[in-house]
Amino acid sequence: MKLTILINCPDQSGIIRSVTTFIHQQKGNVVYLDQHVDKQAGVFFMRLKSEFEQELDLTKFKKEFSSELAERFHMEWDAYTDVYKPKMAIFVSKYNHCLYDLLSRYNSGELSVEIPFILSNHKDLEYVAEQFNIPYFHIPVTKETKDEAEDKQLELLEQYEVDFIVLARYMQIVSPKVIDVFPQKIINIHHSFLPAFAGAKPYHAAFERGVKIIGATSHYVTEDLDAGPIIEQDVTTVSHTHSVKDFIAKGRDLERIVLSRAVQLHVARKTMVYNNKTVIFS
């Protein structure tokens, strides 16, 4: 059995020794450890993986870890086993490139998740869900029905016990009603190298500006539009020889790659959020 522990707390001496000693006392073997100290904020971050020869009582482990270590070091922490596959709901609108990419990776076993359903404000991509034999829910969203639509979304998310949400080009603003239920658990892909060229037509703006690179950004969703903690970014070069159509094609390739990387990092428990920034472990 494998266990991943994520920790952040005020920086102080003895944290690593205390945690690794505790793991040893629980008859576990530490197989990976990465840590980072934010000197300016005085905060310690750590990701640790350990293996146990025998089945671990996770409830008992968490209780003892909390009383013996977490309280003493004032830790914010959690522990995850490799036995459980998180449940990932996908929200989409009309663009299918990110959806196809995620489903292909899921179908090939590259994404260690369960996908209980795909949800959309349009019916256009229902055929994709049928190809992969995944339930598809159509919930239209208008100004007048947004509140009711999000109530229905939350009912589905609770019913299927969803752990996190991926917005695979879902062209609707997610309100605090949903964000508050899934803090740091909604992953979005933005078709721009944030914060530059934000808005509805970033590729057109980039083309008019004559940029030499374009990019894509995946981030956690917060109440501040497109300003959540960044998980992953990437860029590709362009030149005066490329048209807007070329920009869009190159951008969509980046969106697929960047979103899948962000989802992989989240599923592998390699992301930690602090002060609207992320610590990304290798």
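1. Helix 2 and its packing. The buried residues of helix 2 pack against four elements: strand 1 (2-10), helix 1 (15-25), strand 3 (43-52) and strand 4. The model is predicted, so please read every point below in that light. The buried positions in helix 2 are F61, F65, L69, A70 and F73. Helix 2 covers residues 58-73 and is not straight: at S66 there is a bend of about 45 degrees.

2. I15, in helix 1. I15 has its place in helix 1. I15 counts as buried because its relative accessible area is 2%, and the buried cut-off is under 20%. Leaving out residues up to four places away in sequence, I15 touches C9, P10, F44, F73 and M75. One of these, F73, is among the buried residues of helix 2. For a long-range check, take I15 and K277. They are 262 residues apart in sequence, and their C-alpha atoms are 23 Å apart in space.

3. Cysteines. How many disulfides does a search of the whole structure find? The count is zero. C9 is buried, at 3% relative accessibility. C98 is buried too, with a relative accessible area of 1%. C9 also appears among the contacts of I15.

4. The largest nonpolar core. This core has 33 residues. Those with the most contacts inside it are M88, I90, L103, I118, L259 and V263. Which element gives the largest share of this core? Helix 8 does, with seven residues. The elements that give two or more residues also include strand 5, helix 3 (97-107), helix 4 (126-131), strand 8, strand 9 (186-190) and strand 10.

5. M88 within that core. M88 touches L111, V113, E114, I115, P116, F117, F164, V166 and V263, again without residues up to four places away in sequence. V263 is itself listed with M88 among the core residues with the most contacts. E114 is also on the contact list of M88.

6. Q153, in helix 5. The place of Q153 is in helix 5. Is Q153 buried or exposed? Q153 is buried, because its relative accessible area is 3% and the limit for buried is under 20%. Beyond residues up to four places away in sequence, Q153 touches F91, L119, I139, V141, Y170 and V178.

7. Salt bridge E161-K87. The whole structure holds 14 salt bridges. In one of them the side chains of E161 and K87 meet, at 3.4 Å from N to O. This pair links distant parts of the chain, 74 residues apart. E161 sits in the loop between helix 5 (146-159) and strand 8 (164-167). K87 sits in the loop between strand 4 (76-81) and strand 5 (88-92). The two ends fall in opposite classes. E161 counts as exposed because its relative accessibility is 52%, and exposed means over 50%. K87 counts as buried, at 17% relative accessibility.

8. Salt bridge D234-R261. The closest N and O atoms of D234 and R261 are 3.0 Å apart. This pair also links distant parts of the chain: D234 is in strand 11 and R261 in helix 8 (residues 244-267), 27 residues apart. D234 is partly exposed, with a relative accessible area of 23%. R261 is partly exposed as well, at 34% relative accessibility.

9. Salt bridge R256-D253. Here the side chains meet at 2.2 Å, N to O. R256 and D253 both lie in helix 8, three residues apart, about one turn of the helix. An α-helix has 3.6 residues a turn, so residues three or four places apart point the same way. R256 is partly exposed at 26% relative accessibility, and D253 is partly exposed at 39%. Elsewhere, D101, R105 and E110 are joined into one network by salt bridges that share partners.

10. The annotated position. An unreviewed UniProt entry lists D226 for "active site". Where does D226 lie? D226 is in the loop between strand 10 (213-220) and strand 11 (230-237). Strand 11 also holds D234, from the salt bridge with R261. D226 counts as partly exposed because its relative accessibility is 25%.

Key: Residues are numbered from 1 along each chain as its sequence is written. This is a predicted model: local features need pLDDT of at least 70, side-chain atom pairs count only at pLDDT 80 or more; totals for chains, interfaces and linings use all residues. Side-chain values use heavy atoms; hydrogens and water are left out. UniProt positions are given in the numbering used here, feature names are shortened, and annotations may be inferred rather than shown by experiment. Buried means under 20% relative accessible area, exposed over 50%, partly exposed in between (1.4 Å probe, protein chains only). A salt bridge is a side-chain nitrogen of Lys or Arg within 4 Å of a carboxyl oxygen of Asp or Glu. Contact means heavy atoms within 4.5 Å. A nonpolar core is a set of buried Ala, Val, Leu, Ile, Met, Phe, Trp, Tyr and Cys residues joined through side-chain atoms within 4.5 Å. A disulfide is a pair of cysteine sulfur atoms within 2.5 Å. The bend at a residue is the angle between axes fitted to the seven residues ending there and the seven starting there.
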